[in-house]
Amino acid sequence: MPFEQILKKMTRQVDGAIGAIFVDREGEAIAYDAGRSGEEIKLMGASYGIVWFEIEALMGRTAGLRPTEIVISSERGICLMKPLQKDYFLFLVFNPAGNLGQARRWMRWAVEEIQREM
């Protein structure tokens with residue numbers, strides 16, 4: 001299944017999903033699904049990639065840990081971030097009234113599907 005179809009299925013299954021993006025280490029979009037603005041989700045993917053690396057470095061220095069998932073919540077939305085292998089990341093953005101458990105379940109599914117395709 002192509003990456004775009006995986007992202008589209010995930011965003012259709014998560015209540016309140018705004019979009020999802022699969023990016024490489026440099027924040028370059030490999031695939032995305034966004035109802036409104038593709039450019040906006042691409043910018044978010046690149047920006048949140050930087051956030052991921054900063055949190056990863058901080059956790060590594062202070063606790064010797066590596067994050068397996070990061071959730072950032074704001075009044076306008078929730079961003080769920082998950083790594084795929086070493087140099088790739090998947091981000092799902094959904095509205096604050098959405099179900100985090102549902103989003104996490106579909107994110108795990110999408111990560112498995114994308115890794116199968118890589």
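Modeller: A polar contact is a pair of N or O atoms within 3.5 Å; within protein, one atom must be able to donate a hydrogen and the other to accept it, and residues adjacent in sequence count only if both atoms are side-chain atoms. This is a predicted model, in which local features need pLDDT of at least 70 and side-chain atom pairs count only at pLDDT 80 or more, while totals for chains, interfaces and linings use all residues. Residues are numbered from 1 along each chain as its sequence is written, and side-chain values use heavy atoms, with hydrogens and water left out.

Biologist: Why is the link between the side chains of Asp 33 and Thr 11 called a polar contact?

Modeller: The two side chains are joined at 2.4 Å. That value lies within the limit for such a pair, and the name therefore applies.

Biologist: How do you know whether Asp 33 is buried or exposed?

Modeller: Its relative accessible area is 11%. Buried means under 20%, exposed means over 50%, and partly exposed lies in between (1.4 Å probe, protein chains only); Asp 33 is therefore buried. Asp 33 is found in strand β2; strands (E, at least two residues) and helices (H or I, at least four) are DSSP runs numbered from the N terminus.

Biologist: Which residues is Asp 33 in contact with, leaving aside its neighbours within four places in sequence?

Modeller: Contact means heavy atoms within 4.5 Å. By that rule, Asp 33 is in contact with Leu 7, Lys 8, Thr 11, Arg 12, Gly 19 and Ala 20.

Biologist: What makes the pair of Arg 12 and Asp 33 a salt bridge?

Modeller: A salt bridge is a side-chain nitrogen of Lys or Arg within 4 Å of a carboxyl oxygen of Asp or Glu. In this pair the closest N and O atoms are 2.8 Å apart, and the condition is therefore met. Arg 12 lies in helix α1 and Asp 33 in strand β2, so the bridge ties together parts that are 21 residues apart in sequence. Unlike buried Asp 33, Arg 12 is exposed, at 52%.

Biologist: How many salt bridges does the structure hold?

Modeller: There are 7. One of them joins Lys 42 and Glu 39, whose closest N and O atoms are 3.5 Å apart. Both residues lie in helix α2 (residues 38-63), about one turn apart. Lys 42, at 29%, counts as partly exposed, whereas Glu 39, at 56%, counts as exposed.

Another bridge pairs Glu 69 with Arg 104, at 2.8 Å. This pair links distant parts of the chain, the loop between α2 and β3 (70-73) and helix α3, 35 residues apart. Glu 69, Lys 82 and Arg 104 are linked in a network of salt bridges.

Biologist: How do you know where the buried residues Ile 6, Leu 7, Met 10 and Thr 11 lie in helix α1 (residues 3-13)?

Modeller: These residues are buried in α1. They cover an arc of only 125° around the axis, which puts them on the same side of α1; the arc is that of the directions from the helix axis to the C-beta atoms. What covers them includes β1 (17-24), β2 (29-34), β5 (88-94) and α3 (100-117).

Biologist: What makes the aromatic pair of Phe 3 and Phe 22 edge-to-face?

Modeller: Rings of Phe, Tyr and Trp (its six-membered ring) pair if their centres lie within 6.5 Å; planes under 30 degrees apart count as stacked, over 60 as edge-to-face and the rest as tilted. The centres of Phe 3 and Phe 22 are 5.0 Å apart with 75° between the planes, and both conditions are therefore met. Phe 3 lies in helix α1 and Phe 22 in strand β1, so the pair ties together parts that are 19 residues apart in sequence. The rings of Trp 106 and Trp 109, at 5.3 Å and 70°, are also edge-to-face. A search of the whole structure finds 7 aromatic pairs, and ring pairs link Tyr 48, Trp 52, Phe 53, Phe 89 and Phe 91 into a cluster.

Biologist: Which residues have the most contacts inside the largest nonpolar core?

Modeller: A nonpolar core is a set of buried Ala, Val, Leu, Ile, Met, Phe, Trp, Tyr and Cys residues joined through side-chain atoms within 4.5 Å. The largest has 19 residues, and those with the most contacts inside it are Leu 7, Met 10, Leu 90 and Leu 92. Helix α3 gives the most to this core, with 6 residues.
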